[in-house]
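Thanks for asking me to look this one over. Here are my notes, in the order I would walk through them with you at the screen.

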Amino acid sequence: MAVRDIFQAVMGFDDAGTKILTQKELDAGTSVDTILNDGLISAMDEVGERFSAGELFVPEMLMAAQAMKAGMELLKPLLSNETTGSRGTIVIGTVKGDLHDIGKNLVAMMMEGAGFEVVDLGVDVDSEAFVRTAVEKKADVIALSALLTTTMPAMESTVKAVREAGMATRVIVGGAPVTQAFVDQIGADGYSADAPGAVETARQLIAF
Ligand code: B12
């Protein structure tokens with residue numbers, strides 16, 4: 001089955017192959033939903049599971065996400081909430097003062113691969129920008145990344161700004177120095193130590 005080949009191409013970190021096979025399926029009339037769900041998303045789910053099981057590591061996860069992105073480029077213009085039933089909108093960024101973005105990009109790609117609409121604000125993002133964008137985009141979840149202990153307080157001020165704005169938007173946080181104890185302390189809604197877990201956390205929060 002050809003959609004299965006797309007799955008294999010992503011699992012094989014084959015950017016060009018994923019793109020070619022995705023185009024072939026589109027030309028053959030396969031629906032965007034099928035290509036997305038049975039090809040790209042299921043491959044990223046598999047990657048997430050293998051990562052959690054310790055069978056794959058960050059470099060492989062990045063390469064798979066890159067291949068998935070190559071296929072997504074072709075599907076993106078064809079996607080709409082109606083056809084795919086978008087799973088929700090995520091506004092993501094690295095907090096003020098912090099320029100690390102590898103983990104944040106990985107989370108964003110996995111979120112996209114899981115069917116969320118992702119608005120990536122980049123790095124060094126202040127709390128006002130998170131709040132403003134989340135309101136504009138009617139975001140379900142704001143995802144904050146920080147790699148420096150010195151920028152962790154910016155997570156707390158962003159959570160505070162979201163609460164003060166009276167928004168229902170949930171806030172999830174992550175990055176190497178972040179712990180569950182810190183999450184509890186700042187009153188964020190969720191945390192995960194890795195990208196597949198970030199997807200799972202967002203799924204759970206949006207389901208409520
Ligand atoms: C690469 C790197 C850099 C690169 C960043 C390039 C880039 N485009 O990102 C450069 C060279 C620019 C850099 C600069 C600096 N860095 Co630096 N850097 C690193 C390094 C080596 C790797 C980080 C990384 O990318 N890891 C791989 C990714 C995939 O992992 P991750 O980010 O943790 O993300 C995963 C999870 O945390 C989670 N996750 C991430 N975000 C989110 C968000 C949510 C919502 C969720 C749920 C999950 C989640 O999912 C991801 C995937 O599984 C780390 C050391 C380390 N081992 O962590 C130091 C490190 C983070 N850096 C450090 C420092 C000190 C700096 C500098 C201050 C150095 C300097 N003196 O200039 C500057 C700061 C610049 C700034 N203002 O941000 C320190 C921080 C120490 C501390 N306790 O604060 C570290 C720990 C190195 C060290 N041991 O001293 N750095």
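The points below go from the sheet to its helices, then to the ligand and two individual residues.

1. A word on the source before anything else: what you have here is a predicted model.

2. Let's begin with the sheet. It is open and built from 5 strands in the order β2-β1-β3-β4-β5, with parallel pairing. At the edges sit β2 (117-120) and β5, each of which pairs on one side only.

3. Strand β4 makes a good reference for the rest of the sheet. It spans residues 170-174, and 4 of its 5 residues are buried. On one side β4 pairs with β3 (residues 141-145), in the parallel sense and over 5 bridges. If you want a pair to click on, Val141 stands opposite Arg170 in β4.

4. How does the chain get from β3 to β4? The route goes through helix α8 (residues 152-164), and the resulting β-α-β crossover is right-handed.

5. Now for the link between β4 and β5. Strand β5 covers residues 190-191 and runs parallel to β4, with 2 bridges joining them. In one of these pairings, Val173 has Tyr191 of β5 as its bridge partner. Here too there is a right-handed β-α-β unit, made by β4, helix α9 (residues 180-186) and β5.

6. Turning back to the sheet as a whole, with its 5 strands in parallel pairing, we can place two of the helices. Helix α8 packs on the sheet and touches β3 and β4, and its direction makes about 175° with that of β4. Helix α10 (residues 195-207) lies across β1 (89-94), β3, β4 and β5, and runs at about 165° to β4.

7. Which elements each supply at least two residues of the shell around the ligand? They are α4 (58-75), α6 (102-113), β3, β4 and α10. Helix α6 gives the most, with 4 residues. There are 27 residues around the ligand, and those that come nearest are Leu99, His100, Asp101, Ser145 and Thr149.

8. Some polar distances around the ligand may interest you. A polar side-chain atom of His100 lies 2.7 Å from a ligand nitrogen atom. With the backbone, a ligand oxygen atom is 3.2 Å from a polar atom of Ala195, and a ligand oxygen atom is 3.5 Å from a polar atom of Ile102.

9. Is Lys104 buried or exposed? This lysine lies in helix α6. Its relative accessibility is 3%, so Lys104 counts as buried, the cut-off being under 20%. The side chains of Lys104 and Asn105 are joined by a polar contact of 2.8 Å. Beyond its neighbours within four places in sequence, Lys104 is in contact with Ile92, Gly93, Thr94, Asp120, Gly122 and Ser145. Ser145 has already come up, as one of the residues that come nearest to the ligand.

10. Last, a look at Thr30, which has its place in the loop between α2 (15-27) and α3 (32-52). Apart from neighbours within four places in sequence, Thr30 is in contact with Val3, Glu25 and Ile35. With Glu25 there is a polar contact between the two side chains, at 2.6 Å. As for Val3, it is 27 residues away from Thr30 along the chain, and their C-alpha atoms are separated by 8.6 Å.

Definitions and conventions
Residues numbered from 1 in each chain as written. Predicted model: local features only at pLDDT ≥ 70, side-chain atom pairs only at ≥ 80, totals over all residues. Heavy atoms only, no water. Buried < 20%, exposed > 50% of the residue type's maximum accessible area, 1.4 Å probe, protein only. Pairing = 2+ DSSP bridges. Right-handed = clockwise from strand over helix to strand, strands pointing away. Contact = heavy atoms within 4.5 Å. Axes fitted to C-alpha atoms, helices over the stretch in contact; angles between N-to-C directions. Polar contact = N/O pair within 3.5 Å; in protein donor to acceptor, adjacent residues only side chain to side chain. Near = heavy atom within 4 Å.
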